[in-house]
Amino acid sequence: MSLTIRHVRLPFLAPFTTSFGTEAERNALILLLDSDGVKAQAECVASVAPYYSYEDNQTALHVIRDHFAKLLKDLPTPQEFTLKADHVRGHNMAKAAVEMLLWDYHSKRKGVPLVRELGPSKGYADVGISLGIDKKEVTRKRVEAAVERGYQRVKLKIERGKEFDIVKSVRDVFPDIVLSADANSCYRLKDAPAIKRLDRFGLVYLEQPLEHDDLLDHAKLAKEITTPICLDESVTSADRAAQAFDIGAAQVVNIKPGRVGGLGNSMEIAKIAKKHKGHVWIGGMFETGVGRSFNISLASSKLVDYPGDTSPNEKYFTRDIVKNPFTMTGGRIRPNKGPGVGIELDERYLEKVTVKSWKIF
Ligand code: OSB
Ligand code: MG
């Protein structure tokens, strides 16, 4: 039995800017497990810097290697692993990487597709696109291309002070598209008047306007605006999701398995949202084809009702580390048929983009 972690570096087709910075490449940790010939893969969604949340590749590598690797040796189920890993506070991205590795491993061992293990599926994921901050003309062109490509929802990244102009410039030209905006925590409650000015654009929701760990101020803001609030960063667990809905801090949740500790917690959150008549969709973290495949399996769940940030591999990379990239038709992507998460690793390219590799056991 072996566990290897590879640090891979994949250049983006174009740099991507959010309110917390610009990224030009994906630096991912890819986990590879081999037990009696059953080969499982997963990706940790952390990146080089702790900007989106406090985790980064260094903390994830440390937590996986020094705390979780030993738990992997008796191949627990994903649910057993989540319980055992609970004594480590936080570090959800590290937890999720291992949890997803175990989902892949166990579904492969049974010989069934991962998507079948996740409960009733629609058979496809509804797909939206996330567009980075750029000049108005560039953004408008990208929106046009996205609409032509069939994306079911367009999300614009926004930054404090420039939100009105960028959303207006898109809305003026595309009055009917499903449009949203993602602030990545760039506002505080005192910015409510500026946020309120976005109400006129009929956004399907505004994503994570306030602090990355806040619920209370989001609930206050929700009373002042008509645009529904979607939480991303702030929802780190099923409990936090329940609290968010209870106090009216959110009507929508962007579920990222990496942020919440894995697929099990993701499904819990989707169920909580349904109970509260909220909406959910599956977010992205610029994953390679490895991480994206888990997201797309999850996004095809009947519990997920809004299009997610699950664009096909072609959006970010000229070449991916999987040989079977997704195809999107009519704004939908079908999950892999498996077994497991169903990716075929491109071993040669994986080798080429590997910066460093650790054989853990
Ligand atoms: O806030 O949704 C976000 C990427 C990295 C970190 C945070 C976010 C994002 C995205 C990209 O919006 C979505 C994608 O992977 O396509
Ligand atoms: Mg977001």
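This passage walks through the two ligand sites of a predicted model, then one helix and one loop residue.

Let's start with ligand 1. Its shell is made up of 17 residues, and K157, N184, F286, R292 and Y316 are the closest of them. Sorted by character, the shell holds eight charged residues, five nonpolar ones and four polar ones. Several side chains reach oxygen atoms of the ligand. Y316 puts a polar side-chain atom 2.5 Å from one such oxygen, K157 does so at 2.9 Å, and for D182 the distance between a side-chain N or O atom and a ligand oxygen is 3.0 Å. On its own, ligand 1 would have 390 Å² of accessible area, and the protein covers 99% of that.

D182 turns up again at the second site. Here a magnesium ion, ligand 2, is held by three acidic side chains: D182 and D232 each coordinate through OD, and E207 through OE, with distances of 2.1 to 2.3 Å. Along the chain, these donors are spaced as D-x24-E-x24-D. D182 belongs to strand β7 (residues 179–182) and E207 to strand β8 (residues 206–207), so this pair ties together parts of the chain that lie 25 residues apart in sequence. How buried are these two residues? For D182 the relative accessible area is just 1%, and for E207 the value is 0%. Buried means under 20% relative accessible area, so D182 counts as buried, and so does E207.

Next comes helix α8, which spans residues 216–224 and has H218, A219 and L221 as buried residues. Where do they sit around the helix? Looking down the axis of α8, the buried residues fall within an arc of 160 degrees, so they line one face of the helix. A bit of helix geometry is handy here: an α-helix has 3.6 residues a turn, so residues three or four places apart point the same way. Turned away from the buried side of α8 is a face that carries the exposed residues L216 and K223.

Finally, there is S311, a residue in the loop between α12 (289–299) and β12 (332–333). Is S311 buried or exposed? With a relative accessible area of 3%, S311 is buried. The side chain of S311 also has a partner, making a polar contact of 2.9 Å with the side chain of R292. That brings the story back to ligand 1, since R292 is among the residues closest to that ligand.

Notes. Residues numbered from 1 in each chain as written. Chains lettered and ligands numbered in written order. Predicted model: local features only at pLDDT ≥ 70, side-chain atom pairs only at ≥ 80, totals over all residues. Heavy atoms only, no water. Near = heavy atom within 4 Å. Polar contact = N/O pair within 3.5 Å; in protein donor to acceptor, adjacent residues only side chain to side chain. Areas by Shrake-Rupley, 256 points an atom, 1.4 Å probe, with all protein chains shown as cover. Nonpolar A, V, L, I, M, F, W, Y, C, P; charged D, E, K, R; others polar. Donors = N, O, S within 2.8 Å, 3.2 Å for Na, K, Ca; no water. Helix = DSSP H or I, 4+ residues; strand = E, 2+ residues; numbered from the N terminus. Buried < 20%, exposed > 50% of the residue type's maximum accessible area, 1.4 Å probe, protein only. Arc of directions from axis to C-beta.
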